[in-house]
2 protein chains.
Amino acid sequence: MDQAPRWTRPTMGTLFAGLEREPADALLDAATHRQFAEGTTLFHQGDAPSQLFQVSAGLVKLSRVNPEGEQTTLRFMGAGDLVGCVAVFQQSPFPATAIASKPTSVLCWGAAQILDLTRRYPAISANALKTVGDRAREMIDRVAELTDKGVEARIASVLLRLAGQVGRTCLAGVEIAYPVTRRDVAEMTGVTYFTVSRILGGWQRQGLVQLGRVRIIVMEPQRLAQIAG
Amino acid sequence: MDQAPRWTRPTMGTLFAGLEREPADALLDAATHRQFAEGTTLFHQGDAPSQLFQVSAGLVKLSRVNPEGEQTTLRFMGAGDLVGCVAVFQQSPFPATAIASKPTSVLCWGAAQILDLTRRYPAISANALKTVGDRAREMIDRVAELTDKGVEARIASVLLRLAGQVGRTCLAGVEIAYPVTRRDVAEMTGVTYFTVSRILGGWQRQGLVQLGRVRIIVMEPQRLAQIAG
DNA sequence: CGTCACCTTGATGGATATCAAAAACCGTGG
DNA sequence: CCACGGTTTTTGATATCCATCAAGGTGACG
């Protein structure tokens, strides 16, 4: 218990990445645990950012609604991901809404505390910077994808991304271990769910994927990757 | 010369925002000036991030090419903007290419120096964090825009954004003080320049804008804003 | 005054949204 | 076990938007 690390995922990408003992302890001490039931919202788009979350288990959906009420799903966040980082470190309203898609447990910090910690420990600040940078880079990638890839390529990308984030290998291939409706995929790609249904149907006929009611199994990742470009 | 600040834009958004004398001096001392002629590239997409730039005058275009050679223009950056911040603080390759669209002068820092400075001065780090966050937020906005707004709305948004970034008020309205081709607008919105030409033409007929060869004057910002949604 | 880049306009086709309807699936309660 | 209601999914017909291709016009500049 003494030299063993007290946190579970010392991997890169989190706030804890590569920290010395002292700042890591300070971070942990300041954190509280919270649980969110499926369907519960962590925060709403437009809210003042009072807390920063790090997912330790479960799944969170980040989405955004426009004035007309249409939804755009920005991404899912799983274990290790920092939810709310952009808003908290900027001290400006959340740009999206976060909803637990599964029972989810998180580590969380008050905005004031976390800002204080970054001020005190440059290493934490550097990690935050890296994480926010990752978020920016992802969104840059999405912008490029949306402007110069076709619909099929975008859907293939989303499938692969989901498979990577929440995929579970099974006999037939990689199953997306989370109830994904056609509408979900549509909101992630910026098309209607009719189109998603048609394209997925085509792929199933070709043996690329296997479809169920709220379930998708990727059977040929490489051919999908090829379609994704 | 003693209590007067030595930098020109102490406004927020830059690395210098709200700094005490000491870190500000350290930043300035570490910086070097560079000039880029029109058409020169500051860095290429995929390059290792060796330098961070802050534009002091001129204009830089950030764009991205996909494997098929099509261009996507991410944004223009003007005085005060930090170019390359995402990559430098993350120490991973530039996600886009930066090219001077006008004769441009910049302040620039080596990657190692700037990382060292953020380690030494939490205030600088906080500013960096805020800037990178801004970039992330912008891109989130673009993603939402691309997925749920139509072409007209996107073009209107781009026009308003340009007017805000590099606009100059004149008698007829707000002139975009930079030679913008239809193709430029197209690359920023993800459509072809044919479509841009048609839509702009329609707006000119309705008196919303006034068109010239490589020149656009926005005459009715509010109606454009309405179209932008 | 010729050349080149930029811009416009028209005709056409294809991809995708939209509208409408039905089918498959799931949980529930009789 | 079966019938029912709601959600998800499929499928079809049609319309719309936009890309594409083709051609000509317009202004800038040597």
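The legends below describe close-up views of a predicted model with two protein chains, A and B, and two DNA strands, C and D. Because the model is predicted, local features need pLDDT of at least 70 and side-chain atom pairs count only at pLDDT 80 or more, whereas totals for chains, interfaces and linings use all residues. Residues are numbered from 1 along each chain as its sequence is written, chains are lettered from A and ligands numbered from 1 in the order in which they are written, and side-chain values use heavy atoms, with hydrogens and water left out.

**View 1. The relation between chains A and B.** Chain B is superposed on chain A by a rotation of 179 degrees with 0.0 Å of shift along the axis, at an RMSD of 0.1 Å (a least-squares fit on the C-alpha atoms of residues with pLDDT of at least 70 in both copies). This is the relation of a two-fold axis. Within chain B, the residue that comes closest to the rotation axis is B:Ala136, with its C-alpha at 2.0 Å. Of the interface residues of chain B, 100% are also interface residues in chain A, so the copies meet through the same surface (contact means heavy atoms within 4.5 Å).

**View 2. The largest cavity, with lining residues from both chains**. Five cavities of 30 Å³ or more are counted in the model; on a 1 Å grid over the protein atoms alone, a cavity is a set of points where a 1.4 Å probe fits but cannot get out, and lining residues have an atom within 4 Å of a point. The largest cavity holds about 150 Å³ of space, where grid points are joined across faces, edges and corners and the volume is the space filled by probe spheres set on the points. Its lining consists of 14 residues, and those nearest the centre are A:Ile140, B:Leu62, B:Gly84, B:Val86 and B:Pro95. In chain B, β5 (71-77), α2 (85-90) and α4 (122-148) each supply at least two lining residues, and α2(B) has the largest share, with three (helices, H or I of at least four residues, and strands, E of at least two, are DSSP runs numbered from the N terminus). By class, the lining has 11 nonpolar, one polar and two charged residues, where Ala, Val, Leu, Ile, Met, Phe, Trp, Tyr, Cys and Pro count as nonpolar, Asp, Glu, Lys and Arg as charged, and the others, Gly among them, as polar.

**View 3. The second largest cavity, with lining residues from both chains**. About 130 Å³ of space lies in this cavity. Among its 14 lining residues, A:Leu62, A:Gly84, A:Val86, A:Pro95 and B:Ile140 lie nearest the centre. Here β5 (71-77), α2 (85-90) and α4 (122-148) of chain A are the elements that give two or more residues to the lining, and α2(A) gives the most, with three. The lining divides into 11 nonpolar, one polar and two charged residues.

**View 4. The protein surface near DNA strand C**. Seventeen residues lie around DNA strand C, and A:Thr195, B:Arg182, B:Ser197, B:Arg198 and B:Arg213 come nearest (a residue is near a strand if one of its heavy atoms lies within 4 Å of it). Of the strand C atoms that come within 4 Å of the protein, sugar and phosphate account for 66%. Polar contacts, which are pairs of N or O atoms within 3.5 Å, include one at 2.4 Å between a side-chain N or O atom of A:Thr195 and a phosphate oxygen, and one at 2.9 Å between a polar backbone atom of B:Arg182 and a phosphate oxygen. A base oxygen of strand C is 3.3 Å from an N or O atom in the side chain of A:Arg213. The α7 helices (193-205) of chain A and chain B are the elements that give two or more residues to this surface, with α7(B) giving the most, four residues.

**View 5. The protein surface near DNA strand D**. DNA strand D is surrounded by 18 residues, the closest being A:Arg182, A:Ser197, A:Arg213, B:Val151 and B:Thr195. A phosphate oxygen of strand D lies 2.5 Å from a polar side-chain atom of A:Ser197, and backbone N or O atoms lie 2.7 Å from a phosphate oxygen in the case of A:Arg182 and 3.4 Å in the case of B:Val151. The largest contribution to this surface, five residues, comes from α7(A).

Terms used
On a 1 Å grid over the protein atoms alone, a cavity is a set of points where a 1.4 Å probe fits but cannot get out, and a pocket is an open set with protein on both sides within 12 Å along at least five of seven lines; lining residues have an atom within 4 Å of a point. A polar contact is a pair of N or O atoms within 3.5 Å; within protein, one must be able to donate a hydrogen and the other to accept it, and residues adjacent in sequence count only if both atoms are side-chain atoms.
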